[in-house]
Amino acid sequence: MSKNRELPEVNAGSMADIAFLLLIFFLVTTTIETDSGLNRMLPSTSEASTIKEKNLLRVSLNSNNELLVENELLDIKDLRTKTIAFLDNGGITKGKNHCDYCKGDRNITSSDSPQKAIVSLSNTRRANYGMYVAVQNELVGAYNDLRNREAKRLYNSTYTELMSLYNDSKQLNKEKIVLKEKIEIVRSLFPLKLSEAEINTK
């Protein structure tokens, strides 16, 4: 047997095609995470020009990471309760904007109705980001607690449960349509109006 026997060569002509196909495969199947941000309903231009001071709850964080609500120091553990009391007040006892499902004190110096109530959040640049997120969580939690209550009253399911069912990929389209209608009704009862813009009041 000859020592100079040549080894068979590998045909590499199609390697470029294979690499190209693999590249396309990974591009098609890979999902790219995007920053979705925070969903917020800002007051409309017409609404912002007619906001009454009593329909605005001012929440702020100062440079010492102190939480102030209506310029008074407040412990963050009390923020959700304070916000719920404001949103659920139902100050108008009769007429167009009367809230018949509100269970608050109906204090005439607090918000007229959940549709009129706006939470304004401001903070200094030196405020701690973790504290800022914690405040956001408590404010959104207040809305969700009230939405859970109303969803339970109307549909015998919490708002959280309705959202979970709606986002379930196993749900049929016709079921999702019904769930979406329920979710929108509950949201309309306590619309999330959390603004970080400067708001002028009358």
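**Group meeting: the sheet, α3 and a pocket**

Let me start with one pair of residues: Leu56 has Ile118 as its bridge partner in β4. Keep in mind that we're looking at a predicted model here. That pair belongs to a bigger pattern, since β1 and β4 run parallel and are joined by six bridges. As a reminder, strands of a sheet pair through backbone hydrogen bonds, either parallel or antiparallel.

So, zooming out to the sheet. It's an open one with five strands, in the order β3-β2-β1-β4-β5, and the pairing is mixed. At the edges you find β3, residues 72-73, and β5, residues 194-195, each of them pairing on one side only.

Now the whole chain. The protein has six helices and five strands, and if you walk along from the N terminus, the elements go α-α-β-β-β-α-β-α-α-α-β. There are 202 residues, and 31% of them count as buried. If you take the contacts with a separation of 6 or more, 65% come from residues 24 or more positions apart.

Next up, α3. Which of its residues are buried? They're Leu79, Thr83, Phe86 and Leu87. They sit on the same side of α3, because they cover an arc of only 90 degrees around the axis. And what covers them? The list includes three strands you can pick out on the screen, β1, β2 (67-69) and β4 (118-123), along with the helix α4 (129-155).

Staying with α3, let's go to the second largest pocket. Its volume is about 270 Å³. Two elements give two or more residues to its lining, β1 (56-61) and α3 (79-87). Which one gives the most? That's α3, with three residues. There are 14 lining residues, and the ones nearest the centre of the pocket are Leu57, Lys82, Ala85, Phe86 and Ser110. Phe86, then, turns up twice in this talk: among the buried residues of α3 and among those nearest the pocket centre. By class, the lining is a mixture, with four nonpolar, five polar and five charged residues.

Okay, loops. I've got four residues to show you.

Start with Asn65, in the loop between β1 and β2. Its phi is positive, about 60 degrees, although it isn't a glycine. Asn65 is partly exposed, because its relative accessible area is 30%.

Go along to the loop between α4 and α5 and you get Asn156. This one also isn't a glycine, and has a positive phi of about 60 degrees. Is Asn156 buried or exposed? Its relative accessible area is 59%, so Asn156 is exposed.

Then there's Asn71, in the loop between β2 and β3. At 70% relative accessibility, Asn71 is exposed too, because the cut-off is over 50%. Have a look at where it sits with respect to Arg58: the two are 13 residues apart in sequence, and C-alpha to C-alpha they're 7.7 Å apart in space.

Last one: Gln171, in the loop between α5 (159-166) and α6 (173-189). Here the relative accessibility is 18%, and buried means under 20%, so Gln171 counts as buried. What is Gln171 in contact with, if we leave aside neighbours within four places in sequence? The answer is Leu165, Lys176 and Leu179.

That's what I wanted to show.

How values were computed
Residues are numbered from 1 along each chain as its sequence is written. This is a predicted model: local features need pLDDT of at least 70, side-chain atom pairs count only at pLDDT 80 or more; totals for chains, interfaces and linings use all residues. Side-chain values use heavy atoms; hydrogens and water are left out. On a 1 Å grid over the protein atoms alone, a cavity is a set of points where a 1.4 Å probe fits but cannot get out, and a pocket is an open set with protein on both sides within 12 Å along at least five of seven lines; lining residues have an atom within 4 Å of a point. Grid points are joined across faces, edges and corners, and a volume is the space filled by probe spheres set on the points. Helices (H or I, at least four residues) and strands (E, at least two) are DSSP runs, numbered from the N terminus. Ala, Val, Leu, Ile, Met, Phe, Trp, Tyr, Cys and Pro count as nonpolar, Asp, Glu, Lys and Arg as charged, and the others, Gly among them, as polar. Buried means under 20% relative accessible area, exposed over 50%, partly exposed in between (1.4 Å probe, protein chains only). The arc is that of the directions from the helix axis to the C-beta atoms. Contact means heavy atoms within 4.5 Å. Two strands pair if DSSP finds at least two bridges between them.
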